[in-house]
Amino acid sequence: MKIVVIGGTGLIGSKLVTKLGEHGHEAVAAAPDTGVNTLTGEGLAEVLKGAQVVVDVSNSPSFERDAVMTFFQTSTGNVLAAEKEAGVGHHVAVSIVGTERMPDNGYFAAKIAQERLIEKSGIPYSLVHSTQFFEFARGIADEATRDGKVHIAPVLFQPIAGDDVAQAVGRTAVGTPMNGRVEIAGPRQYRMDEFFRQALAAWGDPREVVTDPHARYFGSELGERSLVPLDDTRAVLGSITYRDWLHRAAAGK
């Protein structure tokens, strides 16, 4: 089937396009550098011709509260309108585990707004809520650094490899629309502060990790289960551990 991947040249999108192609699907990467701009609508009608499924893994170029809200509302609105015109039968979007538990977070609020647009669109849909990617761990540590120390709350944390995300999203894309969500996470659950102690040691990073129950995560204070699936028994777990992911990354795989 023809599957258009919005944000198909990014971290998850590029992996997804490759995986879908390996399984015989016509996977098309739609992004500004392939001539598709979801903010202006440029190229959308053309790329969606004949598409059965659209997967949206795009991301806002700015995380500023108003800018990210404008991006997801405008981009998603344009994509959904173009899908209706093209007769697309399944819209898949990647979101974040815990969005509704941290509505004070500007990025999460924008993702909630995006999901509401999808739910009200009338187009059959599936939402894939993922935990944080291994690939973003260094960025999380940097954002949490104060006076040379990494301040992390001792809450539950269950990050996932980008390859596992792409695999789960691909399976969702070729499946029957859920008109609901699935949560995906990594194979192992940690205390967030302990994960970063181990991660920084593995990176050879000398920064000290400070356990701080009130440490903020991109502006939000965390609860015990803010960043992990609410229902452990129903979440889809990846297979790649952080240790294995680091080894693969070091080997350039």
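## Working through a predicted chain

The chain carries 25 positive and 31 negative side chains, and the centres of these two sets sit 3 Å apart. Keep in mind that this is a predicted model.

**Exercise 1.** Work out why the radius of gyration of the chain agrees with that of a compact globule.

*Solution.* Start with the length: the chain has 253 residues. For that length, a compact globule would have a radius of gyration near 18 Å, and since the chain has 18 Å, the two agree. Next, look at the extents: along its principal axes, the C-alpha trace spans about 55 × 40 × 35 Å.

**Exercise 2.** Find what share of the residues is buried, and what the chain exposes.

*Solution.* Take buried as under 20% relative accessible area. By that cut-off, 49% of the 253 residues count as buried. Now turn to the outside: the chain exposes about 11500 Å², with 52% of it supplied by carbon and sulfur atoms.

**Exercise 3.** Trace the order of the strands in the open sheet and name its edges.

*Solution.* First list the elements: the chain has 8 helices and 14 strands. Of the strands, 7 make up an open sheet with parallel pairing, ordered 2-1-3-4-5-9-14. The edges are strand 2 (26–30) and strand 14 (236–237), each of which pairs on one side only. Then zoom in on one pair: strand 1 (residues 2–6) runs parallel to strand 2, with 5 bridges between them. There, Val5 stands opposite Ala29 of strand 2.

**Exercise 4.** Say how many of the contacts between residues at least 6 apart in sequence join residues at least 24 apart.

*Solution.* Set aside pairs closer in sequence than that first limit; of the contacts left, 80% join residues at least 24 apart.

How values were computed:
Residues numbered from 1 in each chain as written. Predicted model: local features only at pLDDT ≥ 70, side-chain atom pairs only at ≥ 80, totals over all residues. Heavy atoms only, no water. Helix = DSSP H or I, 4+ residues; strand = E, 2+ residues; numbered from the N terminus. Rg over C-alpha atoms; globule rule 2.2 N^0.38 Å. Buried < 20%, exposed > 50% of the residue type's maximum accessible area, 1.4 Å probe, protein only. Contact = heavy atoms within 4.5 Å. Areas by Shrake-Rupley, 256 points an atom, 1.4 Å probe, with all protein chains shown as cover. Lys, Arg positive; Asp, Glu negative; His and termini not counted. Charge placed at Lys NZ, Arg CZ, Asp CG, Glu CD. Pairing = 2+ DSSP bridges.
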